[in-house]
Every structure is written in structure tokens, then in C-alpha cells.
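Colleague: Got a minute to walk me through how you label things in this model? I'd like the cut-offs behind the words.

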Amino acid sequence: LSTFDTRANKWKQTWVDNQGGYLDFVGEFKDGQMILQREGVRPDGTKVLQRMVWKNITSNDFDWSWEASRDGGKTWQVNWPIHYKRKS
């Protein structure tokens, strides 16, 4: 579920699943990219930043990636790069 919070001037997106998973992202559309980010906790208790990035957006396609940072956002690792293209 995605929504724009007018008071915070931020986009918010929530993901839930049938296994009790709950992910809550917050971010913004800026410089041609939508970046939504959250802080997660790994099973061993360490914190990790997670983000979703939408870029190269046109009327027919865009790139989406799920990324993670274990150093507070200094560097990011792309875990899932996906290219979406409109069906003709």
C-alpha cells in the first residue's frame, strides 16, 4: 500500500504478507528517482538499512531495485535489480 503523507511531505509504503511480515518504508521522489527507505533488524540482531529505488522512469518502462546497507547508508548493495516494461 502506498500513500502520500501531506503533513510529512513524504511517500509511505507498507508491505505485509501471510507469514506476519511487515515492512514500512518512507521516502520521496527527487531528481527523477523515487527512494523509499527503512531500518531493518537481521535475525542476528544487527541493523541494516533497506531501500527500494525506482529510476530511469519513462511512460513505457522503469528500473526498480531492492538495496541494503550495513554501514549506515555509506554504501549500498543491490540485492534485486528488476527492469519493468509495459506490454505492447
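**Labels and their cut-offs**

Modeller: Sure, start at the surface: Phe4, Trp11, Phe29 and Ile57 make a nonpolar patch of about 370 Å². This is a predicted model, where local features need pLDDT of at least 70, side-chain atom pairs count only at pLDDT 80 or more, and totals for chains, interfaces and linings use all residues. Residues are numbered from 1 along each chain as its sequence is written, and side-chain values use heavy atoms, leaving out hydrogens and water.

Colleague: Why does Trp11 count as partly exposed?

Modeller: Trp11 has 31% relative accessibility, so it counts as partly exposed; buried means under 20% relative accessible area, exposed over 50%, and partly exposed is in between (1.4 Å probe, protein chains only). Trp11 sits in strand 2, residues 10–16; strands are DSSP runs of E with at least two residues, numbered from the N terminus.

Colleague: What makes strand 5 mostly covered?

Modeller: Of the 9 residues in strand 5 (47–55), 7 are buried.

Colleague: And how do you know that strand 4 and strand 5 pair?

Modeller: Pairing takes at least two DSSP bridges between two strands. Strand 4 (residues 33–41) and strand 5 have 8, in the antiparallel sense, so they pair. Ile35 is opposite Val53 of strand 5. The two strands form a hairpin with 5 residues between them, and Gly45 in the turn has a positive phi of about 95°.

Colleague: Which strand is joined to strand 5 by 7 bridges?

Modeller: Strand 6 (residues 61–69), also running antiparallel to strand 5. There, Val53 has Ser65 as its bridge partner. In that hairpin, Asn56 takes a positive phi near 50°.

How values were computed:
Helix = DSSP H or I, 4+ residues; strand = E, 2+ residues; numbered from the N terminus. Patch = residues over 30% accessible without salt bridge, like charges linked within 9 Å, V, L, I, M, F, W, Y side chains within 5 Å. Areas by Shrake-Rupley, 256 points an atom, 1.4 Å probe, with all protein chains shown as cover. Salt bridge = Lys/Arg side-chain N within 4 Å of Asp/Glu carboxyl O.
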